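I opened the notebook to write down what I looked up, one topic at a time. The structure goes in here before any entry.

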Amino acid sequence: MSQNTNDFTKWYIDTIQKADLVDYTPVRGSIAFKPDGYEIWEHIKEEMDKRFKETGHRNAYFPMLIPESFFQKEKDHIEGFSPELPWVTEAAGEKLEERLALRPTSETMIGHLYSNWIKSYRDLPVLINQWANVFRWEKKTLPFIRTSEFLWQEGHTAHVDEEDARKETMQMLNIYKEVVEDLLAIPVYDGQKTPSERFAGAVDTFSIEAMMKDGKAVQAGTSHYMGTKFAEAFDIKYLNKENKHTHVHTTSWGTSTRLIGSVIMVHGDEQGLVLPPKIAPTQVVLIPVGPWKKNPAIIEKLDEIFAALKAQGIRVRLDDSDQSPGFKFNEWELKGVPVRIELGPRDLENNQALMKARDADEKVSVALGAIVENIQKELGTMQTRLLEKAKAFRAENSHTHIDTMEQLKQHLAESEQNGQISGWVLAGWCGDDACEEGVKEETKFTTRNIPFNPPTEKHTCLHCGKEAKHTVWFARAY
């Protein structure tokens, strides 16, 4: 696919539409999830939810409408979100006494309620997650990646002290990394956000960052240590063992349906969608070929294979429509189905079928007696193969040799001239906001995070040349 930004965006939108994942609605920036698009989210949600519950978290649900006065209690929070807030000002034909925001996130509502729920150290920790929709009125939208309404989960926890809260913050970031790499086959860099990039109202923000095929970054998940900021704003106190009232320490953490967009941008190809088997709505499609309608034994055998795969928990479809085999092959490739099985009269005579993995060039023959085992093996192999391909692409487009603005600008000029992606740059940063902003203004590169385990350490600031306090990933981002 073309690495030109406009061409890549067109490819991305075309891929989503041809795969029948979403539809547009009359409300700007709002999309309807069609069944395949929503099922991908269900598989992500299922794996996340399982891990949350294994670590002691429980799900709850909080109101969508948040009083304006709640936002005023934490000034950094309202300043961070006010440009994106849609407001309800009238109901039942009457003007409301106080404006109500459609939630951009639920810290304020949950802070208000936690102040009622938490009284003693015996009530802690509070480990709650919410699966919900949120609203941020985006000026520039892109399906899944940036929409005015999107689906997500947001965890909100309260702890006795900083140590316990920070432990929670890192535990959830690690869960995100494990799920995104294992389930979505997307490698990520984990690290800490710079102060200008951290969540509004947080003490520290940590993120996992993923590289797309156009070289841009997607923030795939964040976990925030909030300190006592929200506890002080909403008076969340508990009676400790020394019989003194003290503020709780809180965290929040979230991932969203932008993970679906990331999957498309990381694994897709010229033919369209490529889905990792673990999240594919249909993992295997069975297609009869040749004059199969005159040979009932073909469908009988495919029905038998269908039942055997179903019994193993594999999500399988049998396409016995009257479309041509070529049309079906193309259709299921566009949908990103991981494995295709073809069976015709000659195959049946030879007691075999043809198997084609979505990301492989060639078909292979598999014995009908071992077809279930072969499919199971291929699904696992493809899952690993996609992760390794994405790791190789990331390594090829992660640049660690750039130390000055001159070198960065030369790299960008050469990339544009050669039609290549600019990728990510690992560089030093002195810690001055002005240098971070300077890089952004001159190149549109923003700091992604300060990685926990950088490939190498940098010693001079990319922008000013002074001693670096941090080694940072810089990239253009969605």
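I began with the rule for pairing, under which two strands pair if DSSP finds at least two bridges between them. Helices (H or I, at least four residues) and strands (E, at least two) are DSSP runs, numbered from the N terminus. I noted that this is a predicted model, in which local features need pLDDT of at least 70 and side-chain atom pairs count only at pLDDT 80 or more, while totals for chains, interfaces and linings use all residues. Residues are numbered from 1 along each chain as its sequence is written, and side-chain values use heavy atoms, with hydrogens and water left out.

**Entry: strand 22**

I looked up which strands pair with strand 22, and I found that strand 9 (residues 189-192) runs antiparallel to strand 22 and is joined to it by 2 bridges. One residue of strand 9 that I followed was Gly191, whose bridge partner in strand 22 is Pro451. I then turned to strand 23 (residues 470-475), which pairs with strand 22 in the antiparallel sense over 3 bridges. There, Thr447 has Phe474 of strand 23 as its bridge partner.

Next I asked how many residues of strand 22 are buried. I use buried for under 20% relative accessible area, exposed for over 50%, and partly exposed for in between (1.4 Å probe, protein chains only). In strand 22 (residues 446-451), 6 of the 6 residues are buried, so this strand is largely enclosed by the rest of the structure.

**Entry: salt bridges**

I took a salt bridge to be a side-chain nitrogen of Lys or Arg within 4 Å of a carboxyl oxygen of Asp or Glu, and the structure holds 28 salt bridges.

Staying with strand 22, I looked up Arg448, whose side chain meets that of Glu209 in a salt bridge (3.2 Å, N to O). Because Glu209 lies in strand 10 (residues 204-211) and Arg448 in strand 22, the pair ties together parts that are 239 residues apart in sequence. I checked both partners for cover: Glu209 counts as buried at 0% relative accessibility, and Arg448 is buried with a relative accessible area of 5%.

I then looked at Arg340 and Glu342, which form a salt bridge with their closest N and O atoms 3.0 Å apart. Arg340 counts as buried at 7% relative accessibility, and Glu342 counts as buried at 5%. I also noted that salt bridges that share partners join Glu333, Arg340, Glu342, Lys356 and Lys363 into one network.

In helix 1 (residues 5-18) I found Asp14 and Lys10, which lie 4 residues apart, about one turn of the helix. These two form a salt bridge, the closest N and O atoms being 2.9 Å apart. Are its partners buried or exposed? Asp14 counts as partly exposed at 24% relative accessibility, whereas Lys10 counts as exposed at 52%.

**Entry: helix 14 and a loop**

I looked up Asp433, which has its place in helix 14 (residues 433-443) and is partly exposed, with a relative accessible area of 44%.

My last look was at Lys293, which sits in the loop between strand 15 (284-288) and helix 9 (296-311). Lys293 counts as exposed at 57% relative accessibility. I also compared its position with that of Gln130: Lys293 and Gln130 are 163 residues apart in sequence and 50 Å apart in space, C-alpha to C-alpha.
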